[in-house]
Amino acid sequence: MVSGSRAPMAPPRTNDAGKCGTSRRSLLAGAAALGALGAAGCSRVATASTTHGGDLLSRLKAQGVVRLGIAGEIPFGYIDKNGNLTGEAPELAKAVFKRLGVDRVQPVPTEFGSLIPGLNSQQFDVVSAGMYVNPDRCQQVIFADPDYQMLDAFIVRKGNPKGLHSYKDVVDKKAKLATGTGYAEIQYAVEAGYKQSDLLIVPDQVAGLNAVEAGRVDAFAGTALTTREVVKNSSKAESTKPFAPLVKGRPHVDGGAFAFRSTETSLRDAFNAELKKMKASGELFRILRPFGFTKAEMTDMTAKELCRG
């Protein structure tokens, strides 16, 4: 999730733009805590900027708080068992926005497919969910440069009995495949020749692990990070070596980034400037590392190149 996921993640689904609630991909430990935070976040943010480049950053400084759209997906952005906002994207947001003069962040939980509609309808100020940058999304929002890059991997039974190392393997060996709701892996599997109607769609990687362990599928497709994290305590399943899915016949590496409304180029540019400094100093990696990210997942890719596809 899928990234995500996401999350890790496919083009956004057409959920109601005004929806405010928990994510079906959520791995939240405290439903009550999420409900309280979500209720606090359902009021609308200030109206859209009308000045050239947007004036949202100055308004956020005056307010002292920025509202983050999150999708409740470990490790990208979620509420922990103590009711605290955390994840790679929120922790990065805390650091960047503090540098920009905004001391507090406030989570607004929603479904992954509602993140872009929610952003554009003023439900929150920025998407902070590790969202993959792709051409479809770039028609709807603007992205900061990616803070990480990500390959895919499978959850398979111990020993990988069917020898599944790519989507082509899944097709050739007629394996049963699962992936998550709204995941980019749906498109990657279909592009490899897998029938979308044959895919088992589950809420998240935990459900995917359960499906593999129970023998309902041969593999679950997700990001390399989420698959390797979720199998750590499994005695029946393992994660495969990461691989690049093929897009238009070429190996493709995804990048996850923060998303902003199209009018807010000044905020996006200020965010990018701080992100660049943090990449150079190593601070970005220090923030992401506790969430399972490795140096192999640090990147110099730009949003511009990913928006080209």
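Me: Residues count as buried under 20% relative accessible area, exposed over 50%, and partly exposed in between, using a 1.4 Å probe and protein chains only. With that in hand, why is Arg99 called partly exposed?

Reply: Arg99 has a relative accessible area of 37%, and since partly exposed covers what lies between 20% and 50%, the label fits. A word on the source: this is a predicted model, where local features need pLDDT of at least 70 and side-chain atom pairs count only at pLDDT 80 or more, while totals for chains, interfaces and linings use all residues. Residues are numbered from 1 along each chain as its sequence is written, and side-chain values use heavy atoms, with hydrogens and water left out.

Me: Thanks! What makes the contact between Arg99 and Glu274 a salt bridge?

Reply: A salt bridge needs a side-chain nitrogen of Lys or Arg within 4 Å of a carboxyl oxygen of Asp or Glu. The closest N and O atoms of Arg99 and Glu274 are 3.2 Å apart, so the pair qualifies. This pair links distant parts of the chain, with Arg99 in helix H3 and Glu274 in helix H10 (residues 265-281), 175 residues apart. Helices here are DSSP runs (H or I, at least four residues), numbered from the N terminus.

Me: Is Glu274 buried or exposed, and how do you know?

Reply: Glu274 has a relative accessible area of 12%, which is under 20%, so Glu274 is buried. Arg99 and Glu274 also belong to a network of salt bridges with Lys277 and Glu283.

Me: How do you know that Glu91 and Lys94 form a salt bridge?

Reply: Their N to O distance is 2.9 Å, within 4 Å, so the definition is met. Both lie in helix H3 (residues 88-99), 3 residues apart, about one turn of the helix. Glu91, at 22% relative accessibility, is partly exposed, and so is Lys94, at 29%.

Me: Asp55 and Arg59 form a salt bridge too. Why do they get their accessibility labels?

Reply: Asp55 is at 26%, between 20% and 50%, so Asp55 counts as partly exposed. Arg59 is at 19%, under 20%, so Arg59 counts as buried. Their closest N and O atoms are 3.0 Å apart. The structure holds 12 salt bridges.

Me: What makes a nonpolar core, and which residues of the largest one touch the most other members?

Reply: A nonpolar core is a set of buried Ala, Val, Leu, Ile, Met, Phe, Trp, Tyr and Cys residues joined through side-chain atoms within 4.5 Å. The largest has 58 residues, of which Phe97, Phe154, Leu177, Phe258 and Phe293 touch the most other members. Its largest share, 6 residues, comes from H3.

Key:
Helix = DSSP H or I, 4+ residues; strand = E, 2+ residues; numbered from the N terminus.
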